[in-house]
Amino acid sequence: MARFIPTAQRALVSAASKTLTNGSQSRTASAYSLLQFHPYATSQTHKSPFTANIIRILSNEIEYQHDYAPPHQPATSFNSFTVQDRPGEKWMTMRGKYGEYEEIKIEATMFDGCVFVPKPGEDSTGENVVLHISLLVDISKGQGYPDMEFLCSAWPDHLEIQKVYLLNRDKTIINPYMGRDLRRKKNRKLQRTLDDYLEERGVNNELCVFLHEYMMNKDRIELIQWLGNVKSIVQK
């Protein structure tokens with residue numbers, strides 16, 4: 001989680017500023033189009049047996065990934081938020097408003113960690129894998145007010161606030177005090193107050209469920225596209 005401190009965020013936000021036009025549609029369409037490659041086309045007749053075998057394996061993997069769990073078109077909205085996919089990146093961005101002046105920006109990673117928990121039931125053995133998504137939630141009230149930035153963990157069924165920062169408009173921390181680490185300082189009253197603050201703005205457990213479904217689909221899209229890119233390079 002250390003990489004989500006504001007210093008690291010400035011680099012991430014800078015990289016995210018590249019223009020993406022119709023990114024999610026073209027990305028998904030591209031992933032689907034990979035199935036149209038034919039591993040035994042005439043252009044491959046002069047390939048070495050080793051190269052031809054690599055191409056065949058990649059083609060089979062693309063087809064398997066598509067047939068096993070075919071990706072669908074990424075969502076472009078969730079409740080009051082707009083959703084912007086960032087093709088080829090491990091992030092997505094959501095934007096919304098609260099009231100007349102307040103703007104909300106959410107940046108979410110793809111799955112970046114996990115924990116292992118015992119399977120439920122007295123007679124159960126083994127463990128289940130619970131995947132983790134990191135969130136940066138920026139809330140801006142406009143000119144004259146510092147932004148609030150929430151560093152959060154999105155688990156499959158609940159949101160967990162880790163830290164809260166106060167930032168200037170250029171995302172520079174106002175003062176060196178970084179706030180409490182809410183994971184370690186068990187102030188339940190403060191935790192509930194901050195949870196309610198985000199809940200009122202639509203950043204809640206329901207959002208976590210959406211994000212896990214979204215990232216599962218994005219993971220398949222990115223994998224199929226990556227396999228296709230590798231195959232295209234090998235074919236040249």
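The side chains of Asp 85 and Lys 218 meet in a salt bridge, with 2.8 Å from N to O. A salt bridge here is a side-chain nitrogen of Lys or Arg within 4 Å of a carboxyl oxygen of Asp or Glu. The pair links distant parts of the chain. Asp 85 sits in strand S2, Lys 218 in helix H5, and 133 residues separate them. Asp 85 is buried, and so is Lys 218. Buried means under 20% relative accessible area, exposed means over 50%, and partly exposed lies in between (1.4 Å probe, protein chains only).

This is a predicted model, in which local features need pLDDT of at least 70, side-chain atom pairs count only at pLDDT 80 or more, and totals for chains, interfaces and linings use all residues. Residues are numbered from 1 along each chain as its sequence is written, and side-chain values use heavy atoms, with hydrogens and water left out.

Now the overall layout. The protein has 5 helices and 8 strands. Helices (H or I, at least four residues) and strands (E, at least two) are DSSP runs, numbered from the N terminus. Read from the N terminus on, the elements run α-α-α-β-β-β-β-β-β-β-β-α-α. The protein contains 236 residues, and buried residues make up 39% of them.

What lies in the interior? The largest nonpolar core has 28 residues. A nonpolar core is a set of buried Ala, Val, Leu, Ile, Met, Phe, Trp, Tyr and Cys residues joined through side-chain atoms within 4.5 Å. Met 94, Leu 135, Val 137 and Leu 211 touch the most other members of this core. Several strands give two or more residues to the core, among them S2 (81-85), S3 (91-98), S4 (102-109) and S6 (127-140). Strands S7 (147-154) and S8 (159-167) do so too, as do helices H4 and H5. Helix H5 gives the largest share, 6 residues. In soluble globular proteins, nonpolar side chains tend to be buried together.

Return to the charged pairs. Side chains of opposite charge can pair when their charged atoms come close. How many salt bridges does the structure hold? The structure holds 6 salt bridges. In one of them, the side chains of Glu 107 and Arg 86 meet at 3.0 Å, N to O. Glu 107 lies in strand S4 and Arg 86 in the loop between S2 and S3, 21 residues apart. Glu 107 counts as buried because its relative accessibility is 3%. Arg 86 is buried as well, with a relative accessible area of 2%.

Strand S4 also holds Glu 102. The side chain of Glu 102 meets that of Arg 201 in a salt bridge of 2.4 Å, N to O. Arg 201 lies in the loop between H4 and H5, 99 residues from Glu 102 along the chain. Both Glu 102 and Arg 201 are buried. Sharing of partners extends the opening pair: salt bridges join Asp 85, Lys 218 and Glu 222 into one network.

Other contacts bring separate stretches together. His 66 is in helix H3 (residues 49-68). His 66 is buried, with a relative accessible area of 12%. The C-alpha atoms of His 66 and Ile 221 are separated by 9.1 Å, while their positions lie 155 residues apart along the chain. Ile 133 is in strand S6. Ile 133 counts as buried because its relative accessible area is 0%. The C-alpha atoms of Ile 133 and Asp 112 are separated by 5.9 Å, with the two residues 21 apart along the chain.

The loops hold exposed residues. Tyr 101 is found in the loop between S3 and S4. Tyr 101 counts as exposed because its relative accessibility is 61%. Tyr 101 and Lys 141 are 6.0 Å apart, C-alpha to C-alpha, and 40 residues apart in sequence. Asn 79 lies in the loop between strand S1 (77-78) and S2. Asn 79 is exposed, with a relative accessible area of 56%. Asn 79 has a positive phi of about 50° although it is not a glycine. Most residues other than glycine have a negative phi.
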